[in-house]
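Thanks for asking me to look this over. My comments follow as numbered points, starting with the ligands and moving on to the rest of the chain.

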Amino acid sequence: MTKKLFIKTYGCQMNVYDSERMAEALGAEGYVTTEVAEEADMVLLNTCHIREKAAEKLYSDLGRLKPLKVERPDLKIGVAGCVAQAEGEEILRRMPLVDLVVGPQSYHRLPAMAKRAEAGEKSVDTDFPEEDKFDHLPDRPKAAVRPTAFLTVQEGCDKFCAFCVVPYTRGAEISRPAERVLAEAQGLVGKGVREITLLGQNVNAYHGAGADGDWSLARLVRELARIDGLDRIRYTTSHPNDMTDDLIAAHGEEPKLMPYLHLPVQSGSDRILKAMARKHRAEDYLRLVEKIRAARPDIVLSGDFIVGFPGETEADFAATLDLIRAVNYGMAYSFKYSARPGTPAAERTPVPTDVADARLQTVQALLTEQQRATQAAMVGREVSVLFEKPGRLQGQMVGKSDYLHAVHAKTDATPGTIARVRITGSAPNSLAGEIA
Ligand code: SAH
Ligand code: SF4
Ligand code: F3S
């Protein structure tokens with residue numbers, strides 16, 4: 001008998017990848033995924049702990065599931081991901097309707113936990129186990145889903161930025177062996193995947209065991225590029241201090257490595273960068289950007305910014321705006337600082353909320369303007385687009401350009417087709433084009 005599984009994914013792309021792997025693991029136990037929570041036998045919430053709002057979403061969503069559980073007591077509810085890791089048992093205490101809690105490093109044990117839940121027994125597993133979960137997960141299924149895929153190559157973080165929960169929720173930094181990554185990539189390409197995004201909280205710190213010693217991310221990218229049928233490679237997220245010369249060189253030399261780089265800096269003030277324990281100065285970052293652009297002049301850069309970090313003055317904030325102007329981002333994310341329990345910065349005096357709110361608006365306006373200008377500069381240019389799915393209009397397809405812009409075009413191309421497209425217009429979050 002098939003059972004239905006509904007998964008909701010919060011947070012970063014690594015959670016998206018983990019949700020797929022969890023669905024596959026439960027698939028081996030007879031679960032098929034559904035888009036409709038109301039018809040599910042199991043609801044799994046794959047959570048994020050990065051900011052308070054993200055973590056709170058879990059509890060409001062659990063509250064919404066209550067009537068469903070009352071109506072159907074057989075419904076099993078699981079909490080996975082970074083809130084599961086951070087709060088563990090506490091989730092069961094606060095929310096008795098939850099049947100299982102599983103952390104990001106132990107979800108290969110999820111099928112056994114699901115069985116226990118079916119037998120009416122609750123369980124919590126937030127271990128960082130000795131064994132590698134990837135060795136215990138089922139092989140990835142054969143059927144093609146999409147022409148693009150995520151592939152986690154590195155997990156965890158040893159950097160301990162003063163604001164961040166990731167080192168606690170994801171644990172110490174580890175790299176998957178290169179051979180495993182190549183085999184998984186080969187498998188994905190065999191199913192029709194043409195673009196792979198390598199994932200890691202610190203992906204450019206990758207140092208997985210290879211046939212001849214440890215491989216850097218640059219080496220891994222170059223080897224992946226030899227796979228026939230794999231046309232595009234991306235990676236995210238990178239730390240400035242791990243942006244090595246060989247990786248920068250790869251951007252200039254490897255045509256399959258796409259000209260887009262997410263390189264968070266968080267702040268443009270050296271005082272704040274120091275308080276954040278980022279271990280780089282604004283100047284280091286600007287010089288790094290110069291080097292990257294020397295290797296690949298047309299690269300589109302993106303980043304992350306935190307405003308209202310404890311101690312941030314008007315002058316510090318102005319330095320962030322200066323850095324943004326100096327870099328000129330194609331797009332970037334900005335967040336209001338959120339104090340996270342257990343992190344060093346949570347002990348410090350916060351910036352008043354209204355001040356932080358105003359700064360967030362200012363920085364977002366600047367970033368939006370830079371995004372608009374970057375997109376406008378694409379108009380008239382020819383880019384390559386990997387079409388992924390039908391667009392909103394009849395006869396239209398949508399896909400991503402090499403620069404990661406969403407592009408709509410009239411075409412009867414099937415998903416997975418790469419075509420040259422001339423950009424004819426720019427909307428706030430996408431471009432329009434015609435087949436060249
Ligand atoms: N590993 C990545 C980022 C992981 S978290 C890196 O080092 O770049 C994604 C982004 O969330 C961070 O870049 C940061 O901008 C933001 N973030 C992390 N902790 C935060 C906090 N406590 N408050 C606000 N934003 C935060
Ligand atoms: Fe968090 Fe990234 Fe800093 Fe690691 S490097 S602690 S993941 S912000
Ligand atoms: Fe969130 Fe965990 Fe990713 S805290 S951003 S889901 S690593």
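1. The shell around ligand 2 draws on a run of neighbours in the numbering: Cys-157, Lys-159, Phe-160, Cys-161, Phe-163, Cys-164, Val-166 and Pro-167 are among them. Asn-202, His-239 and Arg-278 also belong to this shell. Sorted by class, the residues around ligand 2 are seven nonpolar, two polar and two charged. Please keep in mind throughout that this is a predicted model.

2. Ligand 1 has 15 residues around it, and those that come nearest are Phe-163, Gln-201, Gln-266, Asp-304 and Ser-338. Phe-163 is also listed in the shell of ligand 2. If you want to look at individual polar contacts, here are three. A polar backbone atom of Phe-163 sits 3.0 Å from a nitrogen atom of ligand 1. Gln-201 likewise uses its backbone, with an N or O atom 2.6 Å from a nitrogen atom of ligand 1. Gln-266 brings in its side chain instead: a polar atom there is 2.7 Å from an oxygen atom of the ligand.

3. Which residues surround ligand 3? They are Cys-12, Asn-15, Thr-47, Cys-48, His-49, Ile-50, Cys-82, Arg-170 and Gln-201. By class, this shell has four nonpolar, four polar and one charged. Gln-201 is worth a second look, as it is part of the ligand 3 shell and is also listed among the residues that come nearest to ligand 1.

4. On the overall layout, the protein is divided into domain 1 (3-125), domain 2 (133-374) and domain 3 (382-435). The centres of domain 2 and domain 3, taken over C-alpha atoms, are 25 Å apart. Where these two domains touch, domain 2 contributes 14 residues and domain 3 contributes 17 residues.

5. How much area is buried between domain 2 and domain 3? The value is about 1200 Å², and carbon and sulfur atoms give 58% of it. On the domain 2 side, Pro-147, Arg-194 and Arg-232 together supply 40% of the area buried against domain 3, more than any other three residues.

6. The chemistry of that interface may interest you. Zero salt bridges are found across the interface of domain 2 and domain 3, whereas eight residue pairs are in polar contact there. Within domain 2, β13 (232-236) and α14 (353-376) each supply at least two residues of the side that touches domain 3. That side of domain 2 divides into five nonpolar, three polar and six charged residues.

7. Salt bridges do occur in the model, with a count of 42. One to inspect joins the side chains of Arg-146 and Glu-20, at 2.8 Å from N to O. This pair links distant parts of the chain, 126 residues apart: Arg-146 is in the loop between α6 (133-136) and β7 (148-152), while Glu-20 belongs to helix α1 (residues 13-27).

8. Two backbone details deserve a look on your screen. The peptide bond from Thr-236 to Thr-237 is cis, with omega near 0°. Thr-237 is placed in the loop between β13 and α10 (245-253). The other detail is Ala-277, a residue other than glycine whose phi is positive, near 60°. You will find Ala-277 in the loop between α11 (270-275) and α12 (282-295).

Key
Residues are numbered from 1 along each chain as its sequence is written. Chains are lettered from A and ligands numbered from 1 in the order in which they are written. This is a predicted model: local features need pLDDT of at least 70, side-chain atom pairs count only at pLDDT 80 or more; totals for chains, interfaces and linings use all residues. Side-chain values use heavy atoms; hydrogens and water are left out. Domain bounds come from an automatic or database domain assignment. Contact means heavy atoms within 4.5 Å. Buried area is the accessible area (1.4 Å probe) that two parts lose on being put together, summed over both. A salt bridge is a side-chain nitrogen of Lys or Arg within 4 Å of a carboxyl oxygen of Asp or Glu. A polar contact is a pair of N or O atoms within 3.5 Å; within protein, one must be able to donate a hydrogen and the other to accept it, and residues adjacent in sequence count only if both atoms are side-chain atoms. Helices (H or I, at least four residues) and strands (E, at least two) are DSSP runs, numbered from the N terminus. Ala, Val, Leu, Ile, Met, Phe, Trp, Tyr, Cys and Pro count as nonpolar, Asp, Glu, Lys and Arg as charged, and the others, Gly among them, as polar. A residue is near a molecule or strand if one of its heavy atoms lies within 4 Å of it.
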